Each structure stands twice: as C-alpha cells, then as structure tokens.
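Dear colleague,

I am handing over a structure that you have not seen before, and below it I set out what was found when it was examined. Please look at the structure first and then read the notes beside it.

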Amino acid sequence: AFTVEEDAYVDDTSKDFDSGDGTKENPFLIMNARQLDNVRKYLQGIPERSLDFCYFKIGRDIDLTEYYGATWAEDMGWMPLGWPSSTSKEIFNGNLDGQGYTITGLKINSDEDYMGLFGRIAAETGEEDSGVIRNLNVEAPEVWGYAGGNTSYSGRVGVIAGQTNSGAVIDNCSVNGGFVRGGAEDTPTQAVGGIVGYIGTSTKGITNC
C-alpha cells in the first residue's frame, strides 16, 4: 500500500490574493503565480482607501514555469512587476516579505530594459516601510534583457529587480543558479546584476543578499 501526497491548495480565482487587505497588520497573502502577478494591480497602493502603498507576504514556494503575466507573449516569459517604468505609477513602492520562500521557473527573454522579477522599485516619499523586498529566494532563473546604447545604466537587468531608486531596500534575498544577461554578443549592456541590475539614485540599501 502507498499514498500519494498532492498539493491540497485550492486557488479562489474570484479574489486577487488568498487573504489580507494590504495593510501592515494584514498583508495580502500570495500563494501562487496568479496571485503574484496581481501585485501589479497595486503598485502604488489603494488610493480609494488612502493606502499609499501595500504590504504583501508570500505563503509558499511559487513556480512561475509557463506563467507569463499580464499581456506578454509566451516567448518573452514573465512580465516584470513595475514595468514599463517610464512613469512613476508603474514603479513598485510596496513592501513584500517572501518569508524565506523560493520562486522557481522565472524566465524573461526581452529586448527591453528594466528586466527582473520586479522592473523598478522605489519608496514612497517619507514612508520607511515602502519600496522593500525582503526574505525572498529565486532559484535557477533565466533572465535576459536589453536596451540600446552603451552607457553604464543601459539595460538594467537583474533577477530580483532591474533597478532600485529613492529609498528602496532589498534585504536577505538570494539568487541561486541560472543566469542573467543583458544585450547581444556584439553589444552587451553594463547594468546587469544577480540581485539588481542598476542601483539608482538614493537607493537605501542592498543588504544581507
């Protein structure tokens, strides 16, 4: 006799997240790829509830294999949270606690810049807990991005984030295995990193990573 252990979690697709209301006391709980993708709906908080930014936490390991996010095509892979970053409303300013869980299956294949699990992270002015990613692991990512030009900030390709700015904090995060690349063979980009591609102005800290 034998038993087969199956994943007993059932996703309620009528809700953006498993539970929570986005406050510090009751963060949005993320349990799968669909719910992680929904973070992009709350990049700048919930204005109608006077929340300048939202709190999130991850409650289990998440597999992004074959999950592409939003409107991106299959061959482009995961669409970064907070991309494109041409306007401030598309920058992640929330607070996400990975609680030590691991994201697998992250693949990005794009000729755009600001590539990573998050495109761009920045803190809300005057908010200490804003613009924070902590306690998150990414295993065996395959991230490739590109931007034209040969400046030191072209590309901005990272695994956790493409770029950080304005008080952003990334703490106690890890990337294991896989690869991250920018540009083509004859025109590589300089701003590529395992954790962050480009540390922009007034980034508060990349610590314990």
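Trp-78 is a convenient place to begin, since this residue is buried, with a relative accessible area of 1%. Please keep in mind throughout that the model is a predicted one.

Which residue forms an aromatic pair with Trp-78? The structure holds nine aromatic pairs, and one of them joins Trp-78 to Tyr-67 in a tilted arrangement, with 6.3 Å from centre to centre and 40° between the planes. Both residues lie in the loop between strand E3 (62-63) and strand E4 (95-97), so the pair ties together parts that are 11 residues apart in sequence. Tyr-67, unlike its buried partner, is partly exposed, at 26% relative accessibility.

The ring of Trp-78 has another neighbour to point out, because the charged end of Arg-40 sits over that ring, 5.6 Å from its centre, and the cut-off for such a placement is 6 Å. Arg-40 is itself buried, with a relative accessible area of 18%, and its side chain also meets that of Asp-37 in a salt bridge of 2.6 Å, N to O. Asp-37 counts as buried too, at 9% relative accessibility. Elsewhere, the charged end of Arg-181 sits over the ring of Phe-179, at 4.1 Å from the ring centre.

On the subject of charged pairs, the count comes to five salt bridges, and the one between Arg-40 and Asp-37 is among them. In another, the side chains of Asp-16 and Lys-41 meet at 3.0 Å, N to O. This pair links distant parts of the chain, with Asp-16 in the segment before E1 and Lys-41 in the loop between H1 and E2, 25 residues apart. Asp-16 is partly exposed, at 21% relative accessibility, whereas Lys-41 is exposed, with a relative accessible area of 52%. A further salt bridge is formed by Asp-113 and Arg-156, whose closest N and O atoms are 3.0 Å apart. Asp-113 lies in the loop between strand E6 (107-109) and E7, and Arg-156 in the loop between strand E10 (142-145) and strand E11 (157-158), so this pair ties together parts that are 43 residues apart in sequence. Both Asp-113 and Arg-156 are buried.

Turning to the interior, the largest nonpolar core has 43 residues, and those with the most contacts inside it are Phe-56 and Ile-133. The elements that give two or more residues to this core are strand E1 (28-30), helix H1 (33-37), strand E2 (55-58) and strand E7 (118-122). Leaving aside residues up to four places away in sequence, Ile-133 touches Phe-92, Leu-96, Phe-118, Ile-121, Ile-160, Val-169, Ile-170, Asp-171 and Cys-173. Phe-56, for its part, belongs to an aromatic cluster that it forms with Phe-17, Phe-28, Tyr-42, Phe-92 and Phe-118.

How many disulfides does a search of the whole structure find? The search finds zero. Cys-54 counts as buried, at 0% relative accessibility, and the nearest cysteine sulfur, that of Cys-173, is 19 Å away from it. Why is Cys-209 not bonded to Cys-173? Their sulfurs are 4.9 Å apart, which is too far for a bond, because a disulfide needs the two sulfur atoms within 2.5 Å. Cys-209 is partly exposed, with a relative accessible area of 45%.

Finally, two backbone positions deserve a look. Ser-166 has a positive phi of about 45° although it is not a glycine; this residue is found in the loop between strand E12 (161-165) and strand E13 (169-171), and it is partly exposed, with a relative accessible area of 39%. Asn-208, which is likewise not a glycine, has a positive phi near 55°. Asn-208 lies in the segment after strand E19 (205-207) and is exposed, with a relative accessible area of 60%.

With best wishes

How values were computed: Residues are numbered from 1 along each chain as its sequence is written. This is a predicted model: local features need pLDDT of at least 70, side-chain atom pairs count only at pLDDT 80 or more; totals for chains, interfaces and linings use all residues. Side-chain values use heavy atoms; hydrogens and water are left out. A nonpolar core is a set of buried Ala, Val, Leu, Ile, Met, Phe, Trp, Tyr and Cys residues joined through side-chain atoms within 4.5 Å. Buried means under 20% relative accessible area, exposed over 50%, partly exposed in between (1.4 Å probe, protein chains only). Helices (H or I, at least four residues) and strands (E, at least two) are DSSP runs, numbered from the N terminus. Contact means heavy atoms within 4.5 Å. Rings of Phe, Tyr and Trp (its six-membered ring) pair if their centres lie within 6.5 Å; planes under 30 degrees apart count as stacked, over 60 as edge-to-face and the rest as tilted. A charge sits over a ring if NZ of Lys or CZ of Arg is within 6 Å of the ring centre and within 35 degrees of the ring normal. A salt bridge is a side-chain nitrogen of Lys or Arg within 4 Å of a carboxyl oxygen of Asp or Glu.
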